[in-house]
Amino acid sequence: MLTSVVIPVRDAVDQLLYTLFSFNLQFASFEKFEVIVLDNASSDGVAEKMAGFGAHYPLQCLRFRRALPYAELLNRGVKQSRGEVIIFLSPTMIVPRDFISVHLHAHEKQQKLVLLGLCARRIYSVYDPGFSPIQHAECKEWLENYPYIKRPHSHTQTIRLLEEGQIVNGQAFPIGLPCPEAEKRLTIRQKYGSSLSGYRWPWTLFSTKHASLSRASLDTAGVFKALPRIEMERDLAKRLIKKGAVFQFDEKLTLLGQEWVKRKLPDRPPLSKKNRRA
């Protein structure tokens, strides 16, 4: 069974390269998965820098010179993918070594499964001069606690802080900062269990930052619709539930979310002049 990882990205190439590197460390056979990067009109050289990256697995980059609405972008990625299992993933997520194996084994056991990301920590893998004041302060304090992490030598340039060896030896995961979104999910899991038994709003937990489902389920439920991101995700999740999908957490999936300067993707196409007048 082949797994396709679909990663949309816009102007986060330094974080993306760490994410792609973490896939080089997977315990799963490299023939069992592919990674498809959707470069949504980035201006930081995603395609060029990816060309110099040595992937051990099948990796392709779809470059869009005009920014696409998020739903259309994901639908393009799904269409390009070949896997029987599809994982949607944020470009800023460093994954653990058993990431592919956990998703693959879960879907082999249960055909109509939607596997949700549960645990995540946050880390400053890259210093970005565009950080918000809160990010600047948090990054400075975090670096003071871990003197073996590289320091930014300039506050006007983007600086990669992590060494690849720190990902290889697992050193980066324990020093991650708390993630409020992950803590909310842990609270739900503690109350309802990993299978979310009795939880009335499972569709609210579906996020394309980290979730997997079978291609068959997606084909049955239909494509992403042109809606604002959260509405788009919940709309698909509700359709999946109507088609019999089962939503579930897996406690083995602990990812590292890299801090970055968030740049908004377009949710829907701009209105034509005709529609503006209506």
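These legends walk you through close-up views of a predicted model.

**View 1. Helix H7 and its length.** Helix H7 covers residues 180-192. At 1.5 Å a residue, its 13 residues should span 18 Å, and the end C-alpha atoms lie 19 Å apart, which agrees. Just after H7 comes Gly193, with a positive phi near 80°.

**View 2. The two sides of H7.** Look for Ala182, Arg185 and Ile188, the buried residues of this helix. Seen down the axis of H7, the buried residues fall within an arc of 115°, so they line one face of the helix. They pack against strand E6 (113-116), strand E7 (119-123) and strand E11 (246-249). On the face turned away from the buried side, you will find the exposed residues Lys184, Thr187, Gln190 and Lys191.

**View 3. The largest pocket.** Here is the largest pocket, with a volume of about 1200 Å³. It is lined by 42 residues, and the closest to its centre are Met93, Glu181, Ser207, Lys209 and Arg229. Strand E1 (3-9), E7, H7, helix H9 (229-242) and strand E12 (254-258) each give two or more residues to the lining. H7 provides the largest share, five residues. By class, the lining holds 18 nonpolar, nine polar and 15 charged residues.

**View 4. The second largest pocket.** This pocket has a volume of about 240 Å³. Among its 16 lining residues, Gln111, Lys112, Ser214, Ala216 and Ser217 are the closest to the centre. Helix H4 (99-109) and helix H8 (215-221) each give two or more residues to the lining, and H8 gives the largest share, four residues. The lining divides into six nonpolar, six polar and four charged residues.

Key:
Residues are numbered from 1 along each chain as its sequence is written. This is a predicted model: local features need pLDDT of at least 70, side-chain atom pairs count only at pLDDT 80 or more; totals for chains, interfaces and linings use all residues. Side-chain values use heavy atoms; hydrogens and water are left out. The expected span of a helix is 1.5 Å times one less than its number of residues. Buried means under 20% relative accessible area, exposed over 50%, partly exposed in between (1.4 Å probe, protein chains only). The arc is that of the directions from the helix axis to the C-beta atoms. Contact means heavy atoms within 4.5 Å. On a 1 Å grid over the protein atoms alone, a cavity is a set of points where a 1.4 Å probe fits but cannot get out, and a pocket is an open set with protein on both sides within 12 Å along at least five of seven lines; lining residues have an atom within 4 Å of a point. Grid points are joined across faces, edges and corners, and a volume is the space filled by probe spheres set on the points. Ala, Val, Leu, Ile, Met, Phe, Trp, Tyr, Cys and Pro count as nonpolar, Asp, Glu, Lys and Arg as charged, and the others, Gly among them, as polar.
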